[in-house]
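Me: Got a minute to go through a model with me? I'd like to ask about a few residues as we go.

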Amino acid sequence: MSEKNILAGRAAVVSGGSRGIGRAVVELLCDLGAGVVVNGRDTDAVEETVAAVTASGGSATAVVGPADDESVAAALVDECVSAFGRLDALINCAGAAEPQGSSILTISPQEFDHLIGAHLGTTFHTCRAAARVMADQGHGAIVNTGSVAFLGSYGGTGYPAGKGAVNGLTVAIAAELKGRGVRANVVCPGARTRLSTGPEYEKHIRRLRERGMLDEMTMRASLDSPPPEFVAPIYAYLVSDLSRDVTGQIFVAAGGFVGEFVRPTPRVLGYRDHHDAGPWSVQDLHTMIADTATG
């Protein structure tokens, strides 16, 4: 089978599929032969995406609404099975930007809850609905969208917290469902979208550099992101049979760069058998940790 038909006969759901990275993913999946349920909050944007894809010979249908709503998440899965007779893949690209200049000192509880819902809530509800179908049929691929912002380098609160939670939930899903033939991975993309362009965004990135949170190279890369078409292929790869042995991984894709995060493992700072010794003293812990911190 040629790459052009690598997803022929497959069916996928893409949340956040009407704009930015999500739309690029929808267009590529359809170009590779898949039928796609396109989801987004904006009716006009969703319908325009579906119309453009079908006009180009692709197969797509629409479900409008917030995917962090349980009923909408269920409707996405139901529509995929109804329209295409199957569900092979779920890709979550839906999200929301952190308010400009937001920090733990300024964000409201309502803003924080909105960000957690947009990222973790969407992932939970859609994965919960899709995983049941996939586990029963014995196959399926889930790709969730994370962000390198979970490391804290870009500041913020709900955005990095939500993305970090997406990572944890995805690797847990991967471990739990591996024996049922269901795979789950994360992509942390870098691409130019409406959330990563404009004067306010550029000001935010330069301010982070001035505060020492971003190095020069990361700042320049953040200000010169490639279009979404550069990251869409890794999503397509991860729902194809070529990646049948890939699960529980967190990838980074930005322009020509592709990488993966190595699973964190604890480094031993000190050890003694609790059967033979009492708890570490505060001074003991200070000595161990301070020596490590000062390198």
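Reply: Sure. One term up front: a residue is buried under 20% relative accessible area, exposed over 50%, and partly exposed in between. Also keep in mind that this is a predicted model.

Me: OK, aromatics then. How many aromatic pairs does a search of the whole structure find?
Reply: The search turns up one aromatic pair. Its rings belong to Phe 150 and Phe 261, with centres 5.4 Å apart and planes at 75°, so the pair is edge-to-face.

Me: And where do Phe 150 and Phe 261 lie?
Reply: Phe 150 is in the loop between strand S5 (140–145) and helix H5 (158–177), while Phe 261 is in strand S8 (residues 257–261). The pair therefore ties together parts that are 111 residues apart in sequence.

Me: Is Phe 261 buried or partly exposed?
Reply: Partly exposed, because its relative accessibility is 26%, which falls between the 20% and 50% cut-offs. Phe 150 is partly exposed too, with a relative accessible area of 28%.

Me: While we're in S8, what's Gly 259 in contact with, leaving aside neighbours within four places in sequence?
Reply: Ile 250, Phe 251 and Val 252. Gly 259 is also in strand S8, and this glycine is buried at 15% relative accessible area.

Me: How far is Gly 259 from Ala 11, C-alpha to C-alpha?
Reply: 27 Å, with their positions 248 residues apart along the chain.

Me: Back to the loop that holds Phe 150. Thr 157 is in the loop between S5 and H5 as well. Buried or exposed?
Reply: Thr 157 is buried, with a relative accessible area of 8%. Setting aside neighbours within four places in sequence, Thr 157 is in contact with Glu 98, Ser 102, Ser 103, Ile 104, Ile 107 and Phe 112.

Me: How far apart in space are Thr 157 and Ala 55?
Reply: Their C-alphas are 41 Å apart, and the two residues are 102 apart in sequence.

Me: Switching to charges. How many salt bridges are there?
Reply: The count comes to eight salt bridges. A network of them links Arg 23, Glu 27 and Glu 48.

Me: Walk me through that network. What's the closest N and O distance for Glu 27 and Arg 23?
Reply: 2.9 Å for that salt bridge. Both residues sit in helix H1 (residues 20–31), four residues apart, which is about one turn of the helix. Glu 27 is partly exposed, at 33% relative accessible area.

Me: And the salt bridge from Arg 23 to Glu 48, how close are the N and O atoms there?
Reply: The closest N and O atoms are 2.4 Å apart. Arg 23 is in H1 and Glu 48 is in helix H2 (residues 43–55), so this pair ties together parts that are 25 residues apart in sequence. Glu 48 counts as partly exposed, at 40% relative accessibility.

Me: What does Arg 272 form a salt bridge with?
Reply: Asp 284, with the closest N and O atoms 3.9 Å apart. Arg 272 lies in the loop between S8 and H9 and Asp 284 in helix H9, so the pair ties together parts that are 12 residues apart in sequence. Arg 272 is partly exposed at 31%, and Asp 284 is partly exposed at 29%.

Me: Which ring face does Arg 272 lie over?
Reply: The face of Trp 280, at 3.9 Å from the ring centre. Trp 280 also helps make a nonpolar surface patch of about 350 Å², along with Leu 269, Leu 285 and Ile 289.

Me: Which helix is Leu 285 in?
Reply: Helix H9, residues 282–294. Leu 285 is partly exposed, with 35% relative accessible area.

Me: Last one: Met 134. Buried or exposed?
Reply: Buried, with a relative accessible area of 0%. Met 134 is in helix H4 (residues 109–137).

Me: What's Met 134 in contact with, apart from neighbours within four places in sequence?
Reply: Leu 87, Asp 88, Ala 89, Leu 90, His 139, Gly 140, Ala 141, Ile 142, Arg 180 and Val 182.

Me: And how far apart in space are Met 134 and Leu 177?
Reply: 9.3 Å, C-alpha to C-alpha, for two residues 43 apart in sequence.

Methods: Residues are numbered from 1 along each chain as its sequence is written. This is a predicted model: local features need pLDDT of at least 70, side-chain atom pairs count only at pLDDT 80 or more; totals for chains, interfaces and linings use all residues. Side-chain values use heavy atoms; hydrogens and water are left out. Helices (H or I, at least four residues) and strands (E, at least two) are DSSP runs, numbered from the N terminus. Buried means under 20% relative accessible area, exposed over 50%, partly exposed in between (1.4 Å probe, protein chains only). Contact means heavy atoms within 4.5 Å. Patches are made of residues with over 30% relative accessible area and no salt bridge: like charges are joined within 9 Å, nonpolar side chains (Val, Leu, Ile, Met, Phe, Trp, Tyr) within 5 Å. Accessible areas come from the Shrake-Rupley method with a 1.4 Å probe; for residues, only the protein chains shown count as cover. A salt bridge is a side-chain nitrogen of Lys or Arg within 4 Å of a carboxyl oxygen of Asp or Glu. Rings of Phe, Tyr and Trp (its six-membered ring) pair if their centres lie within 6.5 Å; planes under 30 degrees apart count as stacked, over 60 as edge-to-face and the rest as tilted. A charge sits over a ring if NZ of Lys or CZ of Arg is within 6 Å of the ring centre and within 35 degrees of the ring normal.
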